[in-house]
Amino acid sequence: MRYYILLIALSFSLSSSAQILNVESLRKVTDTSGFSGTASLRFALKRNTRDFLTIASNIHLQYKMKRHLILFKNDVAFQQIEGDQFENSLISHIRYNYRIHKQIKWEIFLQGQNNKVTLIDFRGLIGAGPRFKLSTNENYRFYLGTLAMYEYEDLNDGITPVQKDFRGSLYFSLALYPLENLSFSSTTYYQPKFSQLNDYRISSQSSLLISVFKKIAFLIDYTFTFDTFPAAGIPNSQFEFTTGLAYSFD
């Protein structure tokens with residue numbers, strides 16, 4: 001089970017319609033060097049002011065060598081809103097980790113995304129900060145991350161000007177492996193704007209992963225997001241329920 005992707009959080013357990021990428025879903029737990037990754041196909045039913053049907057595909061690759069870890073993830077989703085035509089969304093993310101200490105890593109990341117449903121024409125992020133491993137038990141993992149990031153956001157609502165801001169990104173995550181073929185993970189993100197602390201985003205995501213075959217797993221995700229200042233006409237809070245299959249390779 002440790003060779004499957006950590007669907008912890010809650011991103012990108014993605015669906016690409018999420019506004020905050022669950023970084024924890026990018027990670028695979030492995031002590032071996034070299035390439036590994038995961039490909040998944042997901043289906044989601046989502047409701048904010050209307051009902052959404054989402055079909056999403058995900059490719060995740062990572063390369064590990066001694067103290068270094070590079071992660072890349074690309075997520076594409078197609079969403080149908082109450083019988084209308086499908087609209088697409090895309091998130092691409094690359095992250096570099098350097099292990100400073102057995103329980104401390106330094107992270108640097110770059111991300112770009114768009115989402116027609118939530119009226120995001122483009123959102124670009126670049127950031128860095130430490131990540132702390134709070135436990136030593138390999139079956140029960142707890143992490144805390146504290147990052148700072150620069151955000152460029154262009155919304156297609158006809159009202160909001162282009163935003164160029166600095167935000168924090170504080171997250172707490174856990175990954176539990178009670179059985180060989182079962183894992184549970186959860187992550188909560190809090191992302192305030194430094195210059196205006198009442199402008200913040202919260203994302204809470206939980207995932208259950210059940211091994212079906214040696215490299216194939218059935219996954220169930222639940223995501224809740226809250227944004228104090230979304231695009232005009234988009235609700236502050238949204239939720240999403242996702243199921244699908246994931247194939248892991250080394």
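Biologist: Before we look at anything, what does "buried" mean here?

Modeller: Buried means under 20% relative accessible area, exposed means over 50%, and partly exposed is in between. Keep in mind that this is a predicted model.

Biologist: Okay, so why is Asp-199 called buried?

Modeller: Asp-199 has 6% relative accessibility, and the cut-off is under 20%, so Asp-199 counts as buried. You'll find Asp-199 in strand 10, residues 196–211.

Biologist: What is Asp-199 in contact with, leaving aside its neighbours within four places in sequence?

Modeller: Arg-167, Gln-191, Pro-192, Lys-193, Thr-228 and Phe-229.

Biologist: And what makes the meeting of the Asp-199 and Arg-167 side chains a polar contact?

Modeller: The distance is 3.0 Å, and a polar contact needs a pair of N or O atoms within 3.5 Å. So the pair makes the cut.

Biologist: How do you know that Glu-151 and Arg-123 form a salt bridge?

Modeller: The closest N and O atoms of Glu-151 and Arg-123 are 3.7 Å apart. The limit is 4 Å, from a side-chain nitrogen of Lys or Arg to a carboxyl oxygen of Asp or Glu, so this pair qualifies. The pair also links distant parts of the chain: Glu-151 sits in strand 7 (residues 140–155) and Arg-123 in strand 6 (residues 120–133), 28 residues apart.

Biologist: Are those two buried or exposed?

Modeller: Glu-151 is buried because its relative accessibility is 1%, and Arg-123 is buried with 2%.

Biologist: Which other salt bridge does Arg-123 make, with a residue of strand 7?

Modeller: Arg-123 meets Glu-153 at 2.4 Å, N to O. That pair is 30 residues apart, again linking distant parts of the chain. Glu-153 counts as buried too, because 6% relative accessibility falls under 20%.

Biologist: What about Arg-167, which came up with Asp-199?

Modeller: Arg-167 forms a salt bridge with Glu-151, with the closest N and O atoms 3.2 Å apart. Here strand 7 is linked to strand 8 (residues 163–179), and the two residues are 16 apart. Arg-167 is buried, because its relative accessibility is 3%.

Biologist: Why would such side chains pair up at all?

Modeller: Side chains of opposite charge can pair when their charged atoms come close.

Biologist: Which residues are linked in a network of salt bridges?

Modeller: Arg-123, Glu-151, Glu-153, Asp-165, Arg-167, Lys-193, Asp-199, Arg-201 and Asp-227. The whole structure has 13 salt bridges.

Biologist: Stepping back, what is the chain built from?

Modeller: Strands: 12 of them, and 0 helices. Of the 250 residues, 49% are buried. The chain exposes about 11,600 Å², with 64% of that supplied by carbon and sulfur atoms.

Biologist: What makes Lys-66 worth a look?

Modeller: Lys-66 has a positive phi of about 55 degrees although it is not a glycine. Most residues other than glycine have a negative phi. Lys-66 lies in the loop between strand 2 (51–65) and strand 3 (68–81). It counts as exposed because its 68% relative accessibility is over 50%.

Biologist: And why is Leu-119 called partly exposed?

Modeller: Leu-119 has 22% relative accessibility. That is neither under 20% nor over 50%, so Leu-119 falls in between. Leu-119 also has a positive phi, near 65 degrees, and is found in the loop between strand 5 (104–115) and strand 6.

Conventions:
Residues are numbered from 1 along each chain as its sequence is written. This is a predicted model: local features need pLDDT of at least 70, side-chain atom pairs count only at pLDDT 80 or more; totals for chains, interfaces and linings use all residues. Side-chain values use heavy atoms; hydrogens and water are left out. Helices (H or I, at least four residues) and strands (E, at least two) are DSSP runs, numbered from the N terminus. Buried means under 20% relative accessible area, exposed over 50%, partly exposed in between (1.4 Å probe, protein chains only). A polar contact is a pair of N or O atoms within 3.5 Å; within protein, one must be able to donate a hydrogen and the other to accept it, and residues adjacent in sequence count only if both atoms are side-chain atoms. Contact means heavy atoms within 4.5 Å. Accessible areas come from the Shrake-Rupley method with a 1.4 Å probe; for residues, only the protein chains shown count as cover.
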